[in-house]
Amino acid sequence: MNIRTRRGFLAAGLAHTAVVTLLLSGVKTAGASTGLATPEHWAKAAGVGPHMADLGRCCIEWGAAELDPRVLVARLNGALTARGLYPDDVSPAALRAALKELRRHEFLAGEVVRVDGWVLCRSEARGYALSVVAAARS
Amino acid sequence: MLIDARTLPDGSEIAADLCIIGAGPAGLTIANSLARKGVRVALLESGGEDYDPEVNVLAEGEYTGIEVEPLDVTRVRALGGTSTIWNGQCRMLDPHDFEERDWVPHSGWPFPYEELAPHYARAHAAMRLEPVEYDIAVWSKQTELPYLHFGEGMGFNRVSLIRALDFWSGYASDLREAANVTVYTYANVLGIRTTDEGSAVENLDVTTLAGNHLTARARTFVLACGGIENARMLLLSNDVHTNGLGNGHDLVGRYFMEHPRFTSGTLLLSGDGLPIRNLYDVHYLHDGFSVRADLGLTAAAQARERIGNVLGRLRPADRKKLSPGGRAARNIWQDVRRGRVPVNFMGNLWQAISDLDEVAGSAYRRLYRDQHAFAETWELEIYVEQSPNPDSRVVLADVRDRFGQPKAHLIWRLTDFDRKTALRGAELFAQAMGAEGLGRVRLDITEGEVFPPSTGWGHHHMGTTRMHDDPGRGVVDGNAKVHGVENLYVAGSSVFPTAGCATPTLTIVALAFRLADHLEGLGKGVSR
């Protein structure tokens, strides 16, 4: 994996935003017509280098049973609901605040994973995995 | 009064009520406390007023186990002892460090923190560590320097007060003028001689590099030679007790503790990062007094995880390493800025999933806007409380010093518990950073490789004459008196039952004040 340096981690974090932009702008990934694209397919389509793919792949390896984006979203929603954090409305601001609180809860509770050395809470690791998996299906 | 022992006639006797061996922070503090108290004090020091390589070679020793710096480099035989070369960083042990923690083997002091608290106050005053302020918010307001804010979670900021006080310089004028205190320099104690039954000390066998032999007699003796030498001196004193003095339960020299430290990983801060000038670096205040902060984990977090105490220290990462990362970030960041971030559920979900986008964006912006002012990437160094371990010990070496005495042989060993403390401690710092939204940590250590080859130590030698009221579990009792020897006491970090993660000198001095009170309380003349 390449996410061993600050450069890699910064690139992955920035690419996280990039995938949102590309995905929702209608950019299709190379593997979309044949099913699930590999992280490398996505990375090539996104044109932001291997870092995001690496981090996403690491997260997928951590949660290999959660490759279905619906499952990943359900887990995130479930985590919010279980802690009574799910907002009354799903406005962006409310959702952001709820997820920030969820991250705090998970870090404090030790619900974390080591992804290529980075200590991430489960919800954000699922988020990275979701980015890769959902991008591949768009 | 100051006397060079080399000038005394061969066969001379030194007579006093109290004889202290070693003029480091502990010995000098006790001597000064008893100055002008009507007690005749003789303070014996191996070295002189200045560092003398011919003397300091006597501090040489051997080691096995973890590789350490040469023992004569980290110990000084001179008036002031190792305080002549230290950096002056001081902090008290935490209250829970004194408690028996059922998950920390051999933990528990004979008394609680509250017993030592008034003596800590005296130690602060003696070491001119004032104002005695450990609240980082107060220091931040005074210095206008920033720090990382922790909430009610598992992390918090620790403050250290710093003054590199040379104890001899601090006490010299008082001790020179005190009629009841005589300081003997270049006086090397070769052994502690007891009565035939070995239950009391009769005298000390003293010699100098000039070759004259002396005898020191007193009612009471205090051994204050440092964490390694205290044990060596007891082991060398084996003419009656063949295992060494106070060693009836084979405890002398065991439980050697240090503060192993190593870089555990990298902290990438979110937001604007942290200015290079902050409270995590030594900040000079006035007249040699400084302050700095480190990271700590709460007692509750340590108890929940069943680990020892641990300290985190932040250092800016190598700026040469920042630049390539910044260039890569810049290229991607510019691409992102050209795009349009949509406003819908999934888009906001992904953005909100992690604050890493913010981390990365601000990292780039800050790095290039003012690269000399801020840093987002920091090394996270960990200082670990080593647990008491009977197999980590000081023994007598086969090689001998100039006087024909076996040198000290240090066998420093860490345990699986120490590895757990280091690993979980680092992980908990990472969790604390994440919980507060301060940033993320990438750890370089794994379960199998916790202490890397670059592991260093704090030059803090502790535990080799540990304190416990049960003779089967400690060399000295709660008053620091050697079990089974009615008139021999030990001062210094060798009596620490546990090490905490604080630098030890402040506690050494507080204990010295406490012992001085006890000796004074024994009555005029420090009778047995």
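Just after helix α1 of chain B, B:Arg36 takes a positive phi of about 60°. This is a predicted model, and α1(B) makes a good place to start reading it. The helix spans residues 25-34, and 10 of its 10 residues are buried. From there, this briefing moves to the helix's partner, then to aromatic pairs, one aspartate and the chain as a whole.

**Helix α1 and its surroundings**

- α1(B) is mostly covered.
- Its buried residues run from B:Pro25, B:Ala26, B:Gly27, B:Leu28 and B:Thr29 to B:Ile30, B:Ala31, B:Asn32, B:Ser33 and B:Leu34.
- Several elements of chain B pack against these buried residues.
- The strands among them are β3 (18-21), β4 (41-44), β8 (181-185) and β12 (220-223).
- The helices among them are α6 and α13 (505-521).

**How α1 meets α6**

- Two packed helices are described by the angle between their axes and the distance between the axes.
- Helix α6 of chain B covers residues 167-177.
- α1(B) and α6(B) pack at an angle of about 25°, and their axes lie 10 Å apart.
- Angles under 35 degrees count as roughly parallel, and α1(B) and α6(B) are therefore roughly parallel to each other.
- Their crossing is left-handed.
- On the α1(B) side, the contact is made by B:Pro25, B:Leu28, B:Thr29, B:Ala31 and B:Asn32.
- On the α6(B) side, B:Phe167, B:Trp168, B:Tyr171, B:Asp174 and B:Leu175 take part.
- An α-helix has 3.6 residues a turn, so residues three or four places apart point the same way.
- By class, the contact of α1(B) with α6(B) has 7 nonpolar, 2 polar and 1 charged residues.

**Aromatic pairs**

- Over all chains, the structure holds 11 aromatic pairs.
- One of the pairs joins B:Phe262 and B:Phe451, with ring centres 5.4 Å apart.
- The planes of these two rings stand at 75°, so the pair is edge-to-face.
- B:Phe262 lies in strand β13 (residues 261-269), while B:Phe451 lies in the loop between β22 (439-443) and β23 (488-490).
- The pair therefore ties together parts of chain B that are 189 residues apart in sequence.
- B:Phe262 has 2% relative accessibility, so this residue counts as buried.
- B:Phe451 has 18% relative accessibility, so this residue counts as buried too.
- The rings of B:Trp412 and B:Trp457 have their centres 5.5 Å apart and their planes at 25°, so this pair is stacked.
- B:Trp412 sits in strand β21 (residues 406-412), and B:Trp457 sits in the loop between β22 and β23.
- These two tryptophans are 45 residues apart, and their pair links distant parts of the chain.
- Both B:Trp412 and B:Trp457 are buried.
- One aromatic cluster is formed by B:Phe98, B:Trp109, B:Phe111, B:Tyr113, B:Tyr120 and B:Phe496.

**A buried aspartate**

- B:Asp94 lies in the loop between β6 (89-90) and α4 (113-126) of chain B.
- The cut-off for buried is under 20%, and B:Asp94, at 12% relative accessibility, therefore counts as buried.
- Leaving aside neighbours within four places in sequence, B:Asp94 is in contact with B:Arg158 and B:Asn309.

**Chain B as a whole**

- Chain B has 13 helices and 23 strands.
- Of its 528 residues, 63% count as buried.
- Among its contacts between residues at least 6 apart in sequence, 76% join residues at least 24 apart.

Methods. Residues numbered from 1 in each chain as written. Chains lettered and ligands numbered in written order. Predicted model: local features only at pLDDT ≥ 70, side-chain atom pairs only at ≥ 80, totals over all residues. Heavy atoms only, no water. Axes fitted to C-alpha atoms, helices over the stretch in contact; angles between N-to-C directions. Helix = DSSP H or I, 4+ residues; strand = E, 2+ residues; numbered from the N terminus. Parallel < 35°, antiparallel > 145°, perpendicular 65-115°, else oblique. Left-handed = near helix turned anticlockwise from the far one by under 90°. Contact = heavy atoms within 4.5 Å. Nonpolar A, V, L, I, M, F, W, Y, C, P; charged D, E, K, R; others polar. Phe/Tyr/Trp six-rings, centres within 6.5 Å; stacked < 30°, edge-to-face > 60°. Buried < 20%, exposed > 50% of the residue type's maximum accessible area, 1.4 Å probe, protein only.
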